[in-house]
Every structure is written in C-alpha cells, then in structure tokens.
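Me: I'm new to this one and would like to learn how to read it. Can we go through it feature by feature?

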Amino acid sequence: MMVNRRDFLKTGAITGSGMWNPVISLAAENRAVRHTRIDFQAFLPSIFDGKSFHSASLIALEKEAGVGKCMVFPETTFRPDNQGLAKRIKSHTPLIGCSSVNPTLGDESAKELERSINDFGFKGVRLSPTVHSYAIDDK
C-alpha cells in the first residue's frame with residue numbers, strides 16, 4: 001500500500017522519524033533550546049494529488065505536518081533540473097535548495113554542482129547511484 005506524503009509527514013512530525021531536529025538557537029539567560037523540524041528530503045513536482053503544485057503548496061503541506069523548513073531536491077532524472085528548481089523556490093525561505101547531479105556525466109556534473117552552489121545558493125547534494133547506474137564506491 002502506498003502512503004501519501006501528507007500522512008507520512010504527519011506521522012513523522014509526531015514520532016520524529018525521518019526528520020532532523022537541529023538546535024536553532026540557545027537563549028543566553030535560561031539556555032532554553034528552540035527546535036525547528038526539518039524535512040530533509042522533499043521534492044517539488046508540478047502535479048501532486050492530481051492538482052497543480054507550487055512552492056506555496058509545499059510550504060502549506062509541510063506547515064500542516066509541523067515542519068518548519070525542508071530541503072528540496074529536483075526530480076531525479078538523467079539530467080536533474082537544478083536551475084528549474086532554483087526558479088521555483090526563489091524567495092521561499094522555508095525551502096532549502098539542494099542539487100542533484102549525475103556523476104556519470106563527468107565534468108558536466110562537477111560544473112553543475114558548482115553552479116548549484118555558487119549561482120543558486122544550494123546547500124546540499126543528492127547522489128542517486130541506482131537511478132544513474134553507478135556503484136557508490138566507484139573511483
């Protein structure tokens with residue numbers, strides 16, 4: 001049975017499974033700790049649940065699940081569309097852009113990763129050895 005993302009996120013928000021709870025700040029006087037729940041693997045498809053899906057839609061879904069920020073990756077294809085993702089999430093601060101690259105493309109993938117970091121401000125990278133057909137420990 002396929003679990004839909006909304007139900008999965010709600011379960012994760014309750015149990016903490018699949019989510020990372022980093023310390024965001026420490027109050028100097030009482031050392032109180034504030035946490036923000038982060039979904040560390042989200043995608044932004046054009047269509048979700050049969051409806052048009054945009055950055056604001058993802059933010060609303062994540063908020064409903066108690067998630068404050070999420071790391072968003074482009075769909076995993078032979079040549080992931082990092083630039084397209086950057087345009088879709090621009091100015092949406094709860095969305096942390098992350099690159100996806102295909103190392104089998106050689107220098108092109110290295111340049112794409114550099115562009116994703118330097119031009120788009122992305123903060124992470126996703127490798128997909130199964131989809132891109134390489135061994136994770138290849139040299």
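Reply: Sure, starting with the elements: helices (H or I, at least four residues) and strands (E, at least two) are DSSP runs, numbered from the N terminus. Asn-82, for instance, is found in helix α3, which covers residues 82-89. Residues are numbered from 1 along each chain as its sequence is written, and side-chain values use heavy atoms, with hydrogens and water left out. This is a predicted model, so local features need pLDDT of at least 70 and side-chain atom pairs count only at pLDDT 80 or more, while totals for chains, interfaces and linings use all residues.

Me: Is Asn-82 buried or exposed?

Reply: Buried means under 20% relative accessible area, exposed over 50%, and partly exposed in between (1.4 Å probe, protein chains only). Asn-82 counts as buried because its relative accessibility is 1%.

Me: Which side chain does the side chain of Asn-82 make a polar contact with?

Reply: A polar contact is a pair of N or O atoms within 3.5 Å; within protein, one must be able to donate a hydrogen and the other to accept it, and residues adjacent in sequence count only if both atoms are side-chain atoms. Here the partner is the side chain of Ser-99, at 3.4 Å. For plain contact (heavy atoms within 4.5 Å), not counting residues up to four places away in sequence, Asn-82 touches several residues, including Pro-74, Cys-98 and Phe-120.

Me: Cys-98 caught my eye. How many disulfides are there?

Reply: A disulfide is a covalent bond between the sulfur atoms of two cysteines. The rule used here is a pair of cysteine sulfur atoms within 2.5 Å, and by this rule the count comes to zero. Cys-70 is in no disulfide, and the nearest cysteine sulfur, that of Cys-98, is 9.4 Å away.

Me: Why is Cys-98 not bonded to Cys-70?

Reply: The closest cysteine sulfur to that of Cys-98 is in Cys-70, and 9.4 Å is too far for a bond. Cys-98 counts as buried because its relative accessibility is 0%, and Cys-70 counts as buried at 1%.

Me: What about a strand? Where is Lys-69?

Reply: Lys-69 is in strand β7, residues 69-73. With 34% relative accessibility, Lys-69 counts as partly exposed. The side chain of Lys-69 reaches the backbone oxygen of Thr-93 at 3.3 Å. Thr-36 lies 33 residues from Lys-69 along the chain, yet their C-alpha atoms are separated by 7.4 Å. Leaving aside neighbours within four places in sequence, the contacts of Lys-69 include Thr-36, Asp-39 and Ile-96.
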